[in-house]
Amino acid sequence: MTREARITPLHKLQPVADTVAEKSGAGVASLEARTAAVAAMAAACAAAVDRDARFPEEAIAAARAQRLLGIMVPRELGGEGASLGDVADVCYRLGRACASTGMIYAMHQTKIACLVRHGRSSAWHERLLRRICTEQLLLASSTTEGQGGGDIRSSAAAVERNGSRIGLERRATVISYGAYADGVVTTARRSADAAASDQVLIAFVKENYVLEPFLAWDTLGMRGTCSAGFTLKAQGDIEQILPVPYDKIHQQTMVPVAHLCWASVWTGAAAGAVERAQNFLRNAARQSNGQLPPGAPHFMKANSALRTLRSLVASAVRNYEAVADDERALASLDFQTTINLTKVEASELAVSVVLSALRACGLSGYRNDGDFSVGRHLRDVLSSPIMINNDRILANVSGAALLSALPAGVQV
Ligand SMILES: Cc1cc2nc3c(=O)[nH]c(=O)nc-3n(C[C@H](O)[C@H](O)[C@H](O)COP(=O)(O)OP(=O)(O)OC[C@H]3O[C@@H](n4cnc5c(N)ncnc54)[C@H](O)[C@@H]3O)c2cc1C
């Protein structure tokens with residue numbers, strides 16, 4: 001069976017599909033069942049998490065109980081060696097139930113991917129990866145700083161070095177679930193005399209830092225991510241700095257994995273909205289002798305755009321996995337442009353899917369109450385174009401796109 005089968009078609013998602021079990025044996029099948037258990041908990045708490053802008057503690061506790069936090073860690077370090085495709089599936093399923101839970105999982109896995117790929121030559125990071133599996137530690141991410149917005153390739157705060165010890169103090173404008181995480185993986189300027197773009201990535205565990213809150217998180221959507229602003233004050237050992245310069249980590253892992261996992265969550269959230277529109281239409285048809293309401297064409301638009309979105313994300317995951325071991329391919333203008341444009345395209349499509357689902361449901365979708373409300377889905381998915389602002393991304397890649405040749409054919 002091809003990788004295509006891993007991203008399960010919408011109509012097969014419940015009950016848990018057998019396709020992966022047939023393909024990969026009990027291990028992956030059990031991953032699917034474990035994910036379903038976490039997704040059920042996330043769905044049950046989604047409305048309260050959104051209403052109260054609170055951390056989805058029940059769903060994350062379930063993810064820990066189902067041992068989902070360390071699945072991407074190699075088996076020899078206590079993980080399951082799950083592929084990015086497997087993780088993208090989990091992101092989709094959790095995102096469909098509760099986008100905040102899905103996004104927390106996606107951000108955590110992006111940090112794990114960085115540690116797995118770039119921390120293997122470091123005993124400290126290997127120990128951390130083992131701890132993540134045994135203790136099911138949750139890692140947060142800190143890249144946004146001061147007024148820098150989504151300019152991840154620039155840091156203000158610098159690592160202070162004192163022998164084998166390091167210190168860092170940064171004004172981290174947004175750290176999702178920072179107050180609930182067991183560790184934070186942060187960018188920083190290499191040293192006080194380094195340029196803003198000469199960055200390193202550092203893993204700190206909770207014992208290493210304090211977070212002083214300075215900005216609350218009262219937002220339209222993604223309320224459960226609890227992405228408050230903190231002054232991060234950290235102390236640690238020099239070996240906690242990943243042994244690879246951040247520019248390489250950024251290109252090879254951070255950007256591709258973040259964009260693919262986020263896009264999987266948005267696709268899941270969009271699928272959740274389409275599911276509500278489908279239920280609305282079924283219900284309406286039942287009540288009027290099979291007559292579909294006038295909003296039905298909007299459901300088809302939503303359905304069609306969701307299919308396009310899913311194929312876009314599935315093929316981008318496949319493309320990344322195909323070149324993941326090829327540093328030159330990952331660094332190529334073509335790959336970097338494609339992975340950035342995938343994020344832009346996926347986020348815009350996800351918004352349009354949910355808007356079409358809203359039109360299909362009419363007032364029942366617009367209401368905040370009732371089984372057919374898509375208010376939460378819409379508010380959540382509206383974060384997608386600004387989570388690394390699409391305008392910034394488009395401005396950054398437009399030069400490269402001007403230089404790249406257009407495709408010679410449909411399949412090449
Ligand atoms: C749900 C959510 C969770 C998040 N979690 C985290 C987290 O855990 N850790 C973390 O570090 N960050 C996090 N972030 C922040 C994120 O990484 C970005 O920093 C943030 O989304 C940038 O938002 P912005 O639109 O203000 O960005 P900016 O990039 O500052 O953009 C501000 C404005 O300037 C415009 N603009 C910027 N650059 C250009 C350009 N080159 N050309 C044209 N226009 C431009 C944009 O259109 C926008 O209107 C999170 C964001 C969201 C939405």
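## A tour from core to ligand to sheet

**Stop 1: the core.** This is a predicted model. Its largest nonpolar core has 124 residues. Select Ala270, Val353, Val354 and Ala357, the residues with the most contacts inside this core. Now add helix α7, residues 246–287. α7 gives the most to the core, with 21 residues.

**Stop 2: Val353.** Which residues does Val353 touch? Leave out those up to four places away in sequence, and the list is Ala270, Ala273, Val274, Ala302, Ala305, Leu306 and Leu309. Ala270 thus appears twice on this tour: among the residues with the most contacts in the core, and as a contact of Val353. As background, nonpolar side chains tend to be buried together in soluble globular proteins.

**Stop 3: the ligand.** Select the 22 residues around the ligand. Those that come nearest are Gly149, Gly150, Ser176, Asp391 and Ala395. Show β1 (139–142) and α13 (390–403), the elements that give two or more residues to this shell. Colour the shell by residue class: nine are nonpolar, 11 polar and two charged.

**Stop 4: Gly148.** Go to the loop between β1 and β2, where Gly148 lies. Is Gly148 buried or partly exposed? Gly148 has 16 C-beta neighbours inside 10 Å, so it counts as partly exposed. Draw a C-alpha to C-alpha distance to Thr173: the value is 8.9 Å, for two residues 25 apart in sequence.

**Stop 5: the sheet.** Select β2, β3, β7 and β6, in that order. These four strands form an open sheet with antiparallel pairing. Why does one side of β2 and of β6 lack a neighbour in the sheet? β2 (160–162) and β6 (209–215) stand at the edges, each with a single partner strand, so one side of each is left without a neighbour there. On average, neighbouring strands of the sheet are turned by 10 degrees against each other, direction ignored.

**Stop 6: across the strands.** Walk the sheet pair by pair.

- β2 to β3 (residues 165–172): three bridges join this antiparallel pair. Label Arg161, which stands opposite Ile166 in β3.
- β3 to β7 (residues 229–237): eight bridges, again in the antiparallel sense. Here Ala172 faces Phe230 in β7.
- β7 to β6: six bridges join these antiparallel strands. Leu215 stands opposite Gly229 in β7.

To follow the pairing in the viewer, turn on backbone hydrogen bonds, because strands of a sheet pair through them.

Definitions and conventions:
Residues are numbered from 1 along each chain as its sequence is written. This is a predicted model: local features need pLDDT of at least 70, side-chain atom pairs count only at pLDDT 80 or more; totals for chains, interfaces and linings use all residues. Two strands pair if DSSP finds at least two bridges between them. Axes are lines fitted to C-alpha atoms, for helices over the stretch in contact, and angles run from 0 to 180 degrees between N-to-C directions. A nonpolar core is a set of buried Ala, Val, Leu, Ile, Met, Phe, Trp, Tyr and Cys residues joined through C-beta atoms within 7 Å. A residue is buried if 20 or more other C-beta atoms lie within 10 Å of its own, exposed if 12 or fewer, and partly exposed in between; C-beta atoms are placed from the backbone. Two residues are in contact if their C-beta atoms, placed from the backbone, lie within 7 Å. A residue is near a molecule or strand if its C-beta atom, placed from the backbone, lies within 6 Å of it. Ala, Val, Leu, Ile, Met, Phe, Trp, Tyr, Cys and Pro count as nonpolar, Asp, Glu, Lys and Arg as charged, and the others, Gly among them, as polar.
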